[in-house]
Amino acid sequence: MNNFKKTKQHTFPFLVLLLFFFTFVMKAEGETQPGKDPAAKEIIRVMNNSAKEWNEGKLDAFMDLYDPTATMMMPTGPAGMSGIKDLYQKKYFKGKMPKQNLRYSDLKVRSLGNDYALVTGAFTLYGNNLPERSGRYSLVMIHAKNGWKILHDHSS
């Protein structure tokens, strides 16, 4: 009976330590730091470049970030490229210029294999004497022959 008590006393701290280690390893493998992973660094670069293109009124260049087969989740369900561009043009642009500037923050990249990634973060629309608007997004990205592209966009 004494041996069982000793084993039980040593098992609990070991299990706690093992659980901590497992949690740390899974977190470290799942989420990539942009400085350490070239794909994450490239994804963040293209995201920030797309915000620059938006702010310069280059909607077509901004749209190049999307894969031709991309979808965006809308209240009515997934929309394709024409629906995505139509949303941006009608709701967020006035003529050739955006109603507000765009910036991204809190970007996190999680690898989903060699050619896919999940990108999460926040966006903020600001400026032009309009109230600042912000939201969150998750993107599924694919590494295509011409770089990283958005395959699916879910923004809210």
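Which residue in E8 is the bridge partner of Met72? It is Asp153, and I will come back to that residue after a few words on the model itself.

What you have in front of you is a predicted model, in which local features need pLDDT of at least 70 and side-chain atom pairs count only at pLDDT 80 or more, while totals for chains, interfaces and linings use all residues. Residues are numbered from 1 along each chain as its sequence is written, and side-chain values use heavy atoms, leaving out hydrogens and water.

Let me take the sheet to begin with. Helices (H or I, at least four residues) and strands (E, at least two) are DSSP runs, numbered from the N terminus, and two strands pair if DSSP finds at least two bridges between them. Six strands make an open sheet of mixed pairing, ordered E2-E1-E8-E7-E6-E5, with strand E2 (77–79) and strand E5 (101–111) at the edges, each pairing on one side only. Within this sheet, strand E1 (residues 66–74) and strand E8 (residues 147–155) pair in the parallel sense over three bridges.

Turning to the core, meaning buried (under 20% relative accessible area, 1.4 Å probe, protein chains only) Ala, Val, Leu, Ile, Met, Phe, Trp, Tyr and Cys residues joined through side-chain atoms within 4.5 Å, the largest has 33 residues, and Tyr66 and Tyr88 are among those with the most contacts inside it. H2 gives the most to this core, with seven residues.

Finally, leaving aside neighbours within four places in sequence, Tyr88 is in contact (heavy atoms within 4.5 Å) with residues including Trp54, Phe62 and Tyr66, and also with Met72 and Asp153, the bridge partners from my opening question.

Technical notes
Buried < 20%, exposed > 50% of the residue type's maximum accessible area, 1.4 Å probe, protein only.
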